[in-house]
Amino acid sequence: MLDLLKNIPDSANLPPDLHERFIFFNNLQPLEKYYYLPCIAGFSHVPSGGYMIYLNKSRFDQILLIQEGTLDIRLDNKIHTIKAGETICFPRNQPQIYGTDSNLRFLWFHLSLNWLQLPADASAIIKPSTFFSEIIHLAELLYLEERRNPAKATYTVNMLIEYLKEEQEVSPRLNLHQQQMDELFAQIGANLRRHWTLQEMAKRTSMSESNFFITCKKFYNAAPLSILTRMRMDRAVSLLLRGGSNLEEIAELVGFASAFSFSRAFKNYYKCSPRDFKKRHETGFATNDSFSDNS
């Protein structure tokens with residue numbers, strides 16, 4: 001395959017055992033107004049190799065995520081081998097030359113408009129995928145929803161688009177997002193009694209809800225409301241062990257409407273009631289670390 005790529009003709013070789021599953025975004029009527037919709041995507045599987053693509057000038061930006069096997073790509077007269085878990089971003093109007101001589105599975109997106117926002121003379125970008133499992137999972141889910149019930153696909157598409165956009169983010173903006181998130185959770189920690197919602201948290205960081213959710217998962221490896229629950233439970237344990245406050249007062253301080261709703265949430269989180277938690281801690285049979293974190 002490496003020798004073949006060095007002298008590849010202006011053509012494509014699609015082996016007979018090539019299997020493809022397509023995702024057609026134009027079928028999703030509620031999403032037609034969205035500016036960043038991909039025009040088409042799909043899963044491709046080449047069991048025995050012999051797959052080869054040559055496009056002298058592509059009409060689309062394109063993203064490939066390698067699921068299994070390797071893909072050989074020719075860039076600037078050099079051959080690069082892309083492994084599972086890596087992603088390739090091809091800007092439009094540039095040659096796309098790649099192939100494989102072995103088993104290969106990959107997910108691909110043809111992107112409408114100028115998704116990658118790269119210079120006209122930019123070459124392809126190869127890097128480890130940041131959101132590999134998330135993008136694969138959402139694409140699989142969308143493949144099913146797009147056929148069975150397109151109306152249900154709206155949220156899945158929004159999440160998928162946000163992940164694809166974040167996959168291409170550069171560090172300055174990521175640093176800005178990190179600062180925004182840190183400031184937000186500092187505000188939340190200072191006022192846990194407030195009724196915080198996902199919508200309000202996203203608004204305070206000037207992000208969409210889906211982008212806020214993804215950014216939170218990226219930096220903290222947890223969903224926003226899971227982090228909020230963890231902060232409330234940590235504060236509740238501190239107040240509980242310090243003493244001087246009854247359950248009604250603790251519930252109000254950490255953002256619960258009643259002692260009953262607080263006790264129920266506490267038991268769901270720590271697998272025991274607040275009173276049992278305090279009793280076990282005082283007798284030395286358990287500490288805060290002894291209980292599982294369900295966030």
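This passage walks through a pair of packed helices, a set of salt bridges and a few buried charged residues in a predicted model.

A good place to start is helix H7, which covers residues 224–242. With its 19 residues, H7 reaches 27 Å from its first C-alpha to its last, close to the 27 Å expected at 1.5 Å a residue. Several of its residues are buried, namely Pro 224, Ile 227, Leu 228, Arg 232, Met 233, Ala 236, Val 237, Leu 239 and Leu 240. Some of these names invite a look at their spacing along the helix. In general, an α-helix has 3.6 residues a turn, so residues three or four places apart point the same way. Just after H7 comes Gly 243, which takes a positive phi of about 85°.

Helix H7 also has a packing partner. It packs against helix H9, residues 259–270, at an angle of about 105°, and the two axes lie 11 Å apart. Because angles of 65 to 115 degrees count as roughly perpendicular, H7 is described as roughly perpendicular to H9. On the H7 side, the contact is made by Thr 229, Arg 230, Met 233, Asp 234, Ala 236, Val 237 and Leu 240. On the H9 side, the residues taking part are Phe 262, Ala 265, Phe 266, Tyr 269 and Tyr 270. Sorted by character, the residues of this contact comprise nine nonpolar, one polar and two charged. Among the H7 residues in the contact, Met 233, Ala 236, Val 237 and Leu 240 also appear in the list of buried residues of the helix.

Attention now turns to charged side chains. The model contains six salt bridges, and three of them are described here, beginning with the pair formed by Glu 86 and Lys 83. The closest N and O atoms of this pair are 3.6 Å apart. Its two members sit in unlike surroundings: Glu 86 is buried, with a relative accessible area of 16%, whereas Lys 83 is partly exposed at 46% relative accessibility.

Glu 200, a residue of helix H5, takes part in two salt bridges, one with Arg 194 and one with Arg 204. In the bridge to Arg 194, the closest N and O atoms are 2.7 Å apart; in the bridge to Arg 204, the corresponding distance is 3.2 Å. Together, Arg 194, Glu 200 and Arg 204 are linked in a network of salt bridges. Within helix H5, which runs over residues 198–204, Glu 200 and Arg 204 are four residues apart and therefore separated by about one helical turn.

How accessible are the members of this network? Glu 200 has a relative accessible area of 19% and counts as buried, because the cut-off for that label is under 20%. Arg 194 is partly exposed at 34%, and Arg 204 is likewise partly exposed at 42%. Leaving aside residues up to four places away in sequence, Glu 200 touches Arg 194 and His 195.

One further buried acidic residue, Glu 166, completes the picture. Glu 166 belongs to helix H3, residues 153–167, and is buried with a relative accessible area of 4%. Its C-alpha atom is separated by 8.2 Å from that of Ile 214, although the two residues are 48 residues apart along the chain.

Definitions and conventions: Residues are numbered from 1 along each chain as its sequence is written. This is a predicted model: local features need pLDDT of at least 70, side-chain atom pairs count only at pLDDT 80 or more; totals for chains, interfaces and linings use all residues. Side-chain values use heavy atoms; hydrogens and water are left out. Axes are lines fitted to C-alpha atoms, for helices over the stretch in contact, and angles run from 0 to 180 degrees between N-to-C directions. Helices (H or I, at least four residues) and strands (E, at least two) are DSSP runs, numbered from the N terminus. Angles under 35 degrees count as roughly parallel, over 145 as roughly antiparallel, 65 to 115 as roughly perpendicular and the rest as oblique. Contact means heavy atoms within 4.5 Å. Ala, Val, Leu, Ile, Met, Phe, Trp, Tyr, Cys and Pro count as nonpolar, Asp, Glu, Lys and Arg as charged, and the others, Gly among them, as polar. Buried means under 20% relative accessible area, exposed over 50%, partly exposed in between (1.4 Å probe, protein chains only). A salt bridge is a side-chain nitrogen of Lys or Arg within 4 Å of a carboxyl oxygen of Asp or Glu. The expected span of a helix is 1.5 Å times one less than its number of residues.
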